[in-house]
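Here is a short briefing on one small set of topics: fold, strands, surface and paired side chains. Look at the structure first, then read the points with it beside you.

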Amino acid sequence: MLDLGVYVVSLAQWFLGTPEKTHVVGSLAPTGVDMEAAILIDFVMARPPHW
């Protein structure tokens, strides 16, 4: 995963709890390293966050 993406996902999980579903797509550069990534995270908001 790209360097900054992991921190954003971790912060979202800390505030909103464990997601119900995730969908991730990405692609590699010709050199084999991560070129791009996208993630959709589905949180159920019926329960209160973990404060």
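From the N terminus on, the elements of this protein run α-β-β. That makes one helix and two strands. The model is predicted, not determined by experiment. Keep that in mind as you read.

**Overall picture**

- The protein has 51 residues, and 6% of them count as buried.
- About 4,400 Å² of the protein is exposed. Carbon and sulfur atoms supply 66% of that area.
- Consider the contacts with a separation of 6 or more: 49% of them come from residues 24 or more positions apart.

**The two strands**

- Strand β1 covers residues 21-28, and strand β2 covers residues 34-42. The two run antiparallel, and eight bridges join them.
- For one example of a bridge, find Val25: its partner in β2 is Ala38.
- β1 and β2 form a hairpin, with five residues between the strands. Gly32 sits in the turn and has a positive phi of about 100°.
- In a regular strand, side chains alternate between the two faces of the sheet.
- Ala37 belongs to strand β2. Its relative accessible area is 45%, so Ala37 is partly exposed. Partly exposed residues lie between the 20% and 50% limits.
- Ala37 and Val24 are 13 residues apart in sequence. In space, their C-alpha atoms are 7.3 Å apart.

**The helix and its nonpolar patch**

- Helix α1 spans residues 3-16, and Leu11 lies in it.
- Which residues make the nonpolar surface patch? They are Leu11, Trp14 and Phe15, and the patch measures about 320 Å².
- Leu11 has a relative accessible area of 48%, so it is partly exposed.
- Trp14 is exposed, because its relative accessible area is 54% and the cut-off for exposed is over 50%.
- Phe15 counts as partly exposed, because its relative accessibility is 31%.

**The aromatic pair**

- A search of the whole structure finds one aromatic pair. It is made by Trp14 and Phe15, whose ring centres are 4.8 Å apart.
- Why is the pair called edge-to-face? The ring planes stand at 80°, and planes over 60 degrees apart count as edge-to-face.
- Trp14 and Phe15 therefore appear twice in this briefing: in the aromatic pair and in the nonpolar patch.

**The salt bridge**

- Side chains of opposite charge can pair when their charged atoms come close.
- How many salt bridges are there? The count comes to one.
- Asp42 forms the salt bridge with Lys21, and their closest N and O atoms are 3.9 Å apart. The pair links distant parts of the chain: Asp42 is in strand β2, Lys21 is in strand β1, and they are 21 residues apart.
- Is Lys21 buried or exposed? Lys21 is exposed, because its relative accessible area is 55%.
- Asp42 has a relative accessible area of 34%, so Asp42 is partly exposed.

**After the second strand**

- Val44 lies in the segment after β2.
- Val44 counts as partly exposed, because its relative accessibility is 33%.
- Val44 and Thr18 are 26 residues apart in sequence. Their C-alpha atoms are 8.9 Å apart in space.

Terms used:
Residues numbered from 1 in each chain as written. Predicted model: local features only at pLDDT ≥ 70, side-chain atom pairs only at ≥ 80, totals over all residues. Heavy atoms only, no water. Pairing = 2+ DSSP bridges. Helix = DSSP H or I, 4+ residues; strand = E, 2+ residues; numbered from the N terminus. Patch = residues over 30% accessible without salt bridge, like charges linked within 9 Å, V, L, I, M, F, W, Y side chains within 5 Å. Areas by Shrake-Rupley, 256 points an atom, 1.4 Å probe, with all protein chains shown as cover. Salt bridge = Lys/Arg side-chain N within 4 Å of Asp/Glu carboxyl O. Buried < 20%, exposed > 50% of the residue type's maximum accessible area, 1.4 Å probe, protein only. Phe/Tyr/Trp six-rings, centres within 6.5 Å; stacked < 30°, edge-to-face > 60°. Contact = heavy atoms within 4.5 Å.
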